[in-house]
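Thanks for asking me to look this one over. Here are my notes, point by point, to read with the model open beside you.

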Amino acid sequence: MRVQPVARLGGVDRRSWLGRARDAIDSLVKSSPSRFAILIFTALILVTTLLLSLPIARAGEGRGTPLADALFTAVSTICVTGLSTVDMATHWSPFGNAVVFIGMNVGGIGVLTLASILGLVISRRLGLRAKLIAASDTNPSRIHVGPVSESQAVRLGEVGSLLLTVASSLIVIEAVIAIGMVPSMLAAGYDFGTSVWYSSYYSVSAFTNTGFNPNPAGPVEFVGDYWFQSLLMLDVFLGSLGFPVIFALLRTWRMPRRWSVHVKLTIATTVILFVAGALMFLLLEYNNPRTYGQLDAGPTIFESFFMSAMTRSGGFATIDMHDLNSSSLLVSDMLMFVGGGSASTAGGIKVTTLAVLFLAAFAEARGAPAMEAFGRRIPRDILRLAVSVVLWGATIVAVSTIILTQITKAPLDFVLFDVISGFATCGLSTGFTAELPSEGKYVMAATMFMGRVGTVTLAAALAASQRRQLYRHPEERPIVG
């Protein structure tokens, strides 16, 4: 049998070189999938920055976008945040808009899910640790290497089906919403081609909870078009539920009793926050002449629900956030910090985290030995994870707020609003972000990155390995409260 010659590239054994590179990546995927995910996410941001820096990406002037603005837009796009330092509707050329459009979809899939797909393509398999990481992005439980509970929202054997659901639901939902928006665009006076493009852009931006606008006026142009605004809210709501919830609803939508605790907690907490947020905006803004004070009762109620949905991570606004009362800004801060569901396109600490904290407080007030919800006991380690997520999130927000306040000397309520919006990948702004100096843009970009990657994922990536402790120190209780 004749042996085929080995192809060489620059005097190096190409097959051997590619094989070694693939083995190295495969080893990284298996040893630290979360770190691999962050590397992939960083690489996507760098590639997007490079593309947006090219002169072809900028409209009109024939010169490239400054590095600070290109990097900020790349991070905001891949992290599906929606904050911008340039006018997204007029600054970018068709090429630049295409980069942003694709970037929003890539970012919407999620850092861990994307890394799992890439790892599967490279290694042609998902190892146990990679499956655990993928499952952790779709469950409220933490990353671990021990036995997996049967109560998880998505079991390890279903990871492949989940990844397929992520891609298919993304395409189907965005396409259906885009088709529904076309009549509103035509009614606004746009031609058919522009209507299709704007509808597709809005649909992707809403489902990924980004909040970028393709038209200069943004959603303000469609105030009073309740069909269009309702589609925006529905799109944001579906994107913020999380793929595990969508996955479960597709299989058992007729059998609510079979829903997992994660699904029930996500839906219940989301609805409660949606209604409570709308009531708060209604009470605080109904007599504000700069926002809802000039509207009749019906439009005021509708716009209050619209604002409640968008502050949960949607990022669209029909009013100037700068005109909100300080009390409304604080309510918005709280809603943005909570965000949406786990493994969703929304940011924040997630609604299940908030639910677990309230369940723990309720159990403590009753003197109950454990947290319970919907007839199920919630493990105590979930509370430890929830506290860690809130603590790290609050720390990131506090540090970023202090730095940016010192740099800009801007009012604290405006700085805090935009920082939480960046951390929670919401995209609403009081106008503070657009006026940031270059150093402030880098600080805000870092805040958006840490908010999207997730504090738990970041901590897991930095930890070289989990160590097993074979002893326990004596127990002693400190005084708390």
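1. Let's start with α17, where the buried residues are G440, K441, V443, M444, A445, T447, M448, F449, G451, R452 and V453. Lysine and arginine are in that list along with the nonpolar names: K441 and R452 are both buried. Please keep in mind throughout that this is a predicted model.

2. How far does α17 reach from its first C-alpha to its last? The distance is 23 Å for 16 residues, close to the 22 Å expected at 1.5 Å a residue. Just after the helix comes G454, with a positive phi of about 100°.

3. Two members of α17, M444 and F449, are also worth a look in the largest nonpolar core, which has 61 residues. Together with M321 and L404, they touch the most other members of that core. As background, nonpolar side chains tend to be buried together in soluble globular proteins.

4. L404 makes a good place to centre your view. Setting aside neighbours within four places in sequence, L404 is in contact with K409, V415, V419, F432, L436, G440, V443 and M444. Of these contacts, G440, V443 and M444 are buried residues of α17. There is also a second, separate core, this one of 24 residues, and I109, L170, M233 and I246 are included in it.

5. I109 takes us to helix α4 (residues 94-109). The 16 residues of α4 should span 22 Å at 1.5 Å a residue, and the end C-alpha atoms are 23 Å apart, so the two values agree. Its buried residues are G96, N97, V99, V100, G103, M104, N105, G107, G108 and I109. For reading such a list, it helps to recall that an α-helix has 3.6 residues a turn, so residues three or four places apart point the same way.

6. Two loop residues deserve a check of their backbone angles. Most residues other than glycine have a negative phi. V80, in the loop between α3 (67-78) and α4, has a positive phi near 45°. T425 lies in the loop between α16 (412-423) and α17 (438-453), and its phi is also positive, near 50°.

7. Are V80 and T425 buried or exposed? V80 counts as buried because its relative accessibility is 0%, and T425 counts as buried at 0% as well. The two also meet: leaving aside neighbours within four places in sequence, T425 is in contact with V80, and its other contacts are C79, T81, N209, S313, A346, G347, M448, G451 and R452. Among these, M448, G451 and R452 are buried in α17.

8. If you are thinking about cysteines, C79 is buried at 0% relative accessibility, and so is C426, also at 0%. How many disulfides does the structure hold? The count is zero.

9. Now for the aromatic rings, which form 11 pairs in the structure. In one of them, F274 and F305 have ring centres 5.2 Å apart and planes at 55°, so this pair is tilted. The pair links distant parts of the chain, as F274 is in helix α11 (residues 261-285) and F305 is in helix α12 (residues 297-314), 31 residues apart. F274 counts as partly exposed because its relative accessibility is 28%, and F305 is partly exposed at 27%. Elsewhere on your list of rings, Y202, F222, F228 and F316 are linked into a cluster by ring pairs.

10. Helix α11 also holds T269, which counts as buried at 12% relative accessibility. In sequence T269 and A355 are 86 residues apart, yet their C-alpha atoms are 6.8 Å apart in space. Not counting residues up to four places away in sequence, T269 touches V351 and A355.

11. Finally, the overall picture. The protein has 18 helices and four strands, and 51% of its 481 residues count as buried. Among contacts between residues at least 6 apart in sequence, 70% join residues at least 24 apart. The accessible surface comes to about 23100 Å², and carbon and sulfur atoms account for 65% of that area.

Note on methods. Residues are numbered from 1 along each chain as its sequence is written. This is a predicted model: local features need pLDDT of at least 70, side-chain atom pairs count only at pLDDT 80 or more; totals for chains, interfaces and linings use all residues. Side-chain values use heavy atoms; hydrogens and water are left out. Rings of Phe, Tyr and Trp (its six-membered ring) pair if their centres lie within 6.5 Å; planes under 30 degrees apart count as stacked, over 60 as edge-to-face and the rest as tilted. Helices (H or I, at least four residues) and strands (E, at least two) are DSSP runs, numbered from the N terminus. Buried means under 20% relative accessible area, exposed over 50%, partly exposed in between (1.4 Å probe, protein chains only). A disulfide is a pair of cysteine sulfur atoms within 2.5 Å. A nonpolar core is a set of buried Ala, Val, Leu, Ile, Met, Phe, Trp, Tyr and Cys residues joined through side-chain atoms within 4.5 Å. Contact means heavy atoms within 4.5 Å. The expected span of a helix is 1.5 Å times one less than its number of residues. Accessible areas come from the Shrake-Rupley method with a 1.4 Å probe; for residues, only the protein chains shown count as cover.
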